[in-house]
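Dear colleague,

I am handing over the structure below, and I would be glad if you looked through it before reading the notes that follow.

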Amino acid sequence: MVQNNVTMLNAGLSKKLVAYFSASGVTRTAAETLAEAAGADLYEIRPEIPYSKSDLNWNNKASRSSVEMNDKSCRPVLSDCNAEIEMYDLIFLGFPIWLAYHNLIQCTQA
Ligand SMILES: Cc1cc2nc3c(=O)[nH]c(=O)nc-3n(C[C@H](O)[C@H](O)[C@H](O)COP(=O)(O)O)c2cc1C
C-alpha cells in the first residue's frame, strides 16, 4: 500500500490537495505557489467569522486570537466542511504560526 502510494507519487498520478488557512494573506500566497508547482487542488479553510485586524492583535490579551490561543480546547467554527479530503492521496496543510503554535482552526473537525 505504501509502495503503491510512493509509485503513484513518483509517476505524478496521485491526487494532491493544498489546504490552508490564512488570516492576512501570506500563507495564501505560499499555498497558491505550492499548488501550482505540485499540480494540486487548492482549498481554503475559512472561519465562519473572519478575523478582523483587531482580532489578530497578539499584544492584546483580550483579542479574539489571544483568547482562542489561550484555550487549547477552542475549535473555531468553519464556514464550510467541503474539502472532500477522502478524494486525495496527499494533503499539504498550510497555516500561520500563532503564539509559537499552529493556530487552532487546524484542529476543527472538517
Ligand atoms: C495572533 C498572531 C500570533 C502570531 N504569533 C507568532 C509567533 O509566535 N511566531 C512567529 O514567528 N510569528 C507569529 N505571528 C506572525 C504570523 O505567523 C505571520 O505574520 C504569518 O505570515 C501570517 O500568515 P497569514 O498572512 O497567512 O495569516 C503571529 C501572528 C498573529 C496574527
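**Strand pairing and surroundings**

Y20 has E44 as its bridge partner in β2. Please keep in mind throughout that this is a predicted model, and that what follows was computed from it.

A second pairing with β2 involves V18, whose bridge partner there is L42. V18 and L42 lie 24 residues apart in sequence, yet their C-alpha atoms are 4.9 Å apart in space. Altogether four bridges join β1 to β2, and the two strands run parallel. On the pairing with β3, A19 stands opposite L93, and here five bridges join β1 to β3, again in a parallel arrangement.

These pairings belong to an open sheet of three strands, in the order β2-β1-β3 and with parallel pairing. Because β2 (41-44) and β3 (90-94) stand at the edges with a single partner strand each, one side of each is left without a neighbour in the sheet. Neighbouring strands of this sheet are turned against each other by 20° on average, if direction is ignored. Helix α2 lies across β1, β2 and β3, and runs at about 180° to β1.

How many of the five residues of β1 are buried? Four of them are, so this strand is largely enclosed by the rest of the structure. V18, which lies in strand β1, can serve as an example: with 24 other C-beta atoms within 10 Å, V18 is buried, since the cut-off is 20 or more. Leaving aside residues up to four places away in sequence, V18 touches A31, L34, A35, A40, L42, F92 and G94. A40, counted in the same way, touches K16, L17, V18, A35 and F92.

**The chain as a whole**

For orientation, the secondary structure of the protein chain comes to three helices and five strands, which run α-β-α-β-α-β-β-β from the N terminus on. The protein chain has 110 residues, of which buried residues make up 15%. Among the contacts in the chain with a separation of 6 or more, 68% are between residues 24 or more positions apart.

**The nonpolar core**

In soluble globular proteins, nonpolar side chains tend to be buried together. Here the largest nonpolar core has 11 residues in all, namely L17, V18, A19, Y20, F21, A31, A35, A40, Y43, I45 and I105. The elements that give two or more residues to this core are β1 (16-20) and α2, and the largest share, four residues, comes from β1.

**Around the ligand**

The ligand is surrounded by 15 residues, and the closest of these are S22, S24, V26, T27 and P96. Which elements each supply at least two residues of the shell around the ligand? They are α2 (26-38) and β4 (97-98), and the largest share of the shell, three residues, comes from α2. By residue type, the shell around the ligand divides into nine nonpolar residues, five polar ones and one charged. Helix α2 therefore appears in several parts of this account, as it lies across the three strands of the sheet, gives two or more residues to the largest nonpolar core, and supplies the largest share of the shell around the ligand.**Two backbone details**

Most residues other than glycine have a negative phi, and most peptide bonds are trans. Two residues are worth a look in this respect. E84 has a positive phi of about 50°, although it is not a glycine, and L99 likewise has a positive phi of about 50° without being a glycine.

Where are these residues placed along the chain, in E84's case and in that of L99? E84 lies in the loop between α3 (64-69) and β3, whereas the place of L99 is in the loop between β4 and β5 (101-102). E84 counts as exposed because it has 11 C-beta neighbours inside 10 Å. L99 is exposed too, with 12 other C-beta atoms within 10 Å.

With kind regards

Terms used
Residues are numbered from 1 along each chain as its sequence is written. This is a predicted model: local features need pLDDT of at least 70, side-chain atom pairs count only at pLDDT 80 or more; totals for chains, interfaces and linings use all residues. A residue is near a molecule or strand if its C-beta atom, placed from the backbone, lies within 6 Å of it. Ala, Val, Leu, Ile, Met, Phe, Trp, Tyr, Cys and Pro count as nonpolar, Asp, Glu, Lys and Arg as charged, and the others, Gly among them, as polar. A nonpolar core is a set of buried Ala, Val, Leu, Ile, Met, Phe, Trp, Tyr and Cys residues joined through C-beta atoms within 7 Å. Two residues are in contact if their C-beta atoms, placed from the backbone, lie within 7 Å. Two strands pair if DSSP finds at least two bridges between them. Axes are lines fitted to C-alpha atoms, for helices over the stretch in contact, and angles run from 0 to 180 degrees between N-to-C directions.
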